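Please look through the model shown here from its N-terminal part onwards, following the order of the paragraphs below.

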Amino acid sequence: MIHPIPKPEDYDVSPENGFLSAEPPLQSLPNEYYQPWEHVVRNLQGLILSKRLRQVVDRMPILSTDRLDDEAQWRRAYSILAFIAHAYIWSGDKPMEWVPPTVTLPFMKTCRHLQLPPVATYAGLVLWNWKPIFADEPVDTLANLDMIDTFTGSLDEKWFYLISVAIEARGAPLIPLMLHAMEAVNRGDRAAVTDSLRSFAERLDELGAMLVRMYDNCDPHVFYHRLRPFLAGSKNMADAGLPNGVVFDNGGPMNKQRYVQYSGGSNAQSSLIQFFDVALSVHHRPTGQKAEQSDQNAPKMSANKPPEPSFIHEMRKYMPGRHAQFLAAVEKVANIRNFVEENKWDRSLSIAFDACLAMLSAFRDKHIQIVSRYVIVKAGEANRKKEKEAGEKRREKHEAALARGEVDLPVRPKSAAGHRGSNGGKEGGEKERKNLRGTGGTSLIPFLRQARDETGEPAVDVWAKRVLNKGSSSKRERRQSRIEVQGLASVWRVEEGEGGGLCLY
C-alpha cells in the first residue's frame with residue numbers, strides 16, 4: 001500500500017519558508033493588555049544588569065491567555081515568556097529554582113496550546129523570533145535578517161540565532177523538493193529522483209557554507225561566558241545550582257508543587273535538520289551505541305519494551321507539536337533510500353544519493369569544528385584559569401600559616417586533581433569526569449561525531465560507504481572528547497558514551 005505524501009501546509013509548515021512561519025513573527029502583541037510582558041522583554045538587558053528583573057517579574061500581574069487571537073499571537077506570547085523565564089532563573093548570582101505564578105500560569109497555557117515544554121526551545125529563540133530588515137526582500141539571506149529579542153543585547157547573540165534563521169530559510173525549498181522526490185519514487189521515475197537528489201546535495205553545500213559564517217560576528221568568548229548560560233535548561237544542572245530542576249509555581253499549595261527538568265535550547269530541535277535525516281533514511285542511535293549493538297538488541301527490545309530513543313529523536317518533544325507530527329508522517333513514506341538500493345545499478349542515481357549523504361556529513365563536520373572552537377576550547381581555558389586560581393589560593397593559605405608560625409600545611413600537588421602525577425591522581429580525574437553531566441542529556445563531541453558517522457551509514461555504493469565511515473576518530477577529536485567543559489550555567493562532560501548538552505545541531 002502506497003501512503004499519500006504529507007502536505008506541509010497541513011502541519012503548519014510553509015511551502016516557502018519551511019518551518020519558519022509564512023509571515024514574519026509578531027514583534028509585539030497588539031493588545032495593550034499584554035504590555036507588562038512586552039515591557040519586561042523590551043527592557044530585559046537593563047533589568048538583568050541592574051539585578052531588578054526578579055522583583056519586577058514578581059510584581060507583574062497574572063495575565064490571561066484568553067486575549068490571544070491567533071497562532072502568531074500564541075507564538076509571540078510563548079517566546080516572550082520563555083525569555084522571561086530563563087532570564088528569571090539564570091540572571092542572578094545564583095540560579096533561581098522557583099518560577100513565580102506571574103510567569104508560570106500563562107506560560108503553561110501557551111505551552112499546552114503549542115504542544116511545547118515550558119522551556120526556551122529552538123522554536124521560541126529562533127523560529128518565532130526573527131524579522132526582515134526590508135519587507136520586500138527575500139529572507140533566505142543574512143543580509144536581510146534581524147532578531148526581535150535577545151538576553152544580552154549583543155550583536156554576537158543576534159548573529160548566533162541569525163545563522164540558524166538563515167539556514168532554515170535557505171533550506172526551506174528542500175522540503176517540497178524531497179517530497180516531490182518521494183512522489184517520483186512512487187511513479188518509478190528514476191530521472192526525476194536523480195535530479196532532485198542532485199539539487200538537494202547542492203543546496204546542502206550552500207547551507208554548510210552559511211553555517212561557517214558563525215565565525216564572522218559571534219565571538220567564542222562572548223558566546224561561552226555571556227550567552228550560553230541563559231540557554232541552559234533545568235536538566236542535569238546540579239553543578240550549576242539546580243540539583244532538582246525548577247518549580248513552576250502554579251499558585252497552589254506548596255506541598256503539591258513538583259520539580260521538573262527540561263533540556264535547554266538546542267539546534268538539535270531544528271525540524272529542518274531532522275527532516276534531512278528522515279528524507280535520506282538516516283537513523284540515529286543512543287549516544288555510545290554502535291550499529292551492531294542496535295541490531296543485537298532489536299529482538300529483545302521488541303519483545304519487552306520499545307528501544308531507547310536517541311537524543312535526536314528525543315528532541316522532537318521540544319518541537320512545535322505540528323512540526324513533530326510532520327516528521328512522523330514523512331517517516332512513514334520515506335522511500336528514497338530503498339528505491340536507490342533497488343536500482344543501484346543506475347550509477348547516476350546512486351552517486352546522487354551518496355552525494356547527499358556526503359554533504360550532510362560535511363555539514364555535521366563543520367558543526368563539530370564550531371563546537372570545538374566555541375565550547376571545547378573555551379572550556380579548556382576556563383578550567384585552566386580555575387586551576388590556576390585554586391593553586392594561588394592554596395599558596396596564599398600556606399604562606400599565611402607559615403607567617404603565623406603554625407604547622408606547615410602541605411600544598412596539594414597537581415596530581416591530586418587528576419591532571420598530572422601519580423596514577424591515583426589520573427584515576428581521580430577520570431572519576432570526576434565521569435560524574436560531570438551536561439545541559440541537554442547527551443555528550444557533546446561523542447554525540448556529534450556519532451551523528452556524523454551515522455549519516456554515512458545508508459550509503460549505497462560500497463566505496464562511498466567506506467569513505468563516509470569515519471568510525472576511527474582523529475587524534476585531535478579524541479583529545480577534545482576528554483576535556484571537561486565547565487561553564488557559568490553548567491558543567492559539560494565531554495566523554496565517550498555519556499550524557500551532556502548541545503548548543504547547535
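A residue counts as buried when its relative accessible area is under 20%, as exposed when that area is over 50%, and as partly exposed in between. The model to which this scale is applied here is a predicted one. Glutamine 73, at 7% relative accessibility, falls under the 20% limit and therefore counts as buried. This glutamine 73 is found in helix H4, and, when residues up to four places away in sequence are left aside, glutamine 73 touches Leu26, Leu29, Pro30, Arg67 and Leu68.

Helix H4, which spans residues 71-90, also packs against helix H1, residues 35-42, with the two axes 10 Å apart and at an angle of about 50°. Because an angle counts as roughly parallel only under 35 degrees and as roughly perpendicular only from 65 to 115, H1 and H4 are oblique to each other. The crossing in which H1 passes H4 is left-handed. On the side of H1 the contact is made by Trp37, Glu38, Val40 and Val41, which meet Arg76, Ala77, Ile80, Leu81, Phe83 and Ile84 of H4. Sorted by character, the residues of this contact of H1 with H4 comprise eight nonpolar and two charged ones, with no polar residue among them.

A second helix pair offers another packing geometry to examine. Helix H12, residues 271-279, and helix H15, residues 321-333, have axes that come within 10 Å and cross at roughly 5°. Since that angle lies under 35 degrees, H12 is roughly parallel to H15. Here Ser271, Gln274, Phe275 and Val278 of H12 meet His323, Phe326, Leu327, Val330 and Glu331 of H15, and the residues of this contact of H12 with H15 divide into five nonpolar, three polar and one charged.

The loop between H12 and helix H13 (291-304) contains serine 281, whose phi is near 60°, a positive value in a residue other than glycine. With a relative accessibility of 18%, serine 281 still lies under the 20% limit and so counts as buried. A positive phi of about 60° is also found at aspartate 12, which is likewise not a glycine. Aspartate 12 belongs to the segment before H1, and its relative accessibility of 39%, which is neither under 20% nor over 50%, means that aspartate 12 counts as partly exposed.

Further along the chain, valine 375 has its place in helix H17, which covers residues 347-403. Is valine 375 buried or exposed? Its relative accessibility is 0%, and valine 375 therefore counts as buried. Valine 375 and histidine 225 are 150 residues apart in sequence, while their C-alpha atoms are 9.8 Å apart in space.

The cysteines can be considered last. How many disulfides does the structure hold? The structure holds zero disulfides. Two cysteines may nevertheless be placed on the accessibility scale: cysteine 218 has a relative accessible area of 3% and is therefore buried, and cysteine 356, with a relative accessible area of 0%, is buried as well.

Notes: Residues numbered from 1 in each chain as written. Predicted model: local features only at pLDDT ≥ 70, side-chain atom pairs only at ≥ 80, totals over all residues. Heavy atoms only, no water. Helix = DSSP H or I, 4+ residues; strand = E, 2+ residues; numbered from the N terminus. Buried < 20%, exposed > 50% of the residue type's maximum accessible area, 1.4 Å probe, protein only. Disulfide = S-S within 2.5 Å. Axes fitted to C-alpha atoms, helices over the stretch in contact; angles between N-to-C directions. Parallel < 35°, antiparallel > 145°, perpendicular 65-115°, else oblique. Left-handed = near helix turned anticlockwise from the far one by under 90°. Contact = heavy atoms within 4.5 Å. Nonpolar A, V, L, I, M, F, W, Y, C, P; charged D, E, K, R; others polar.
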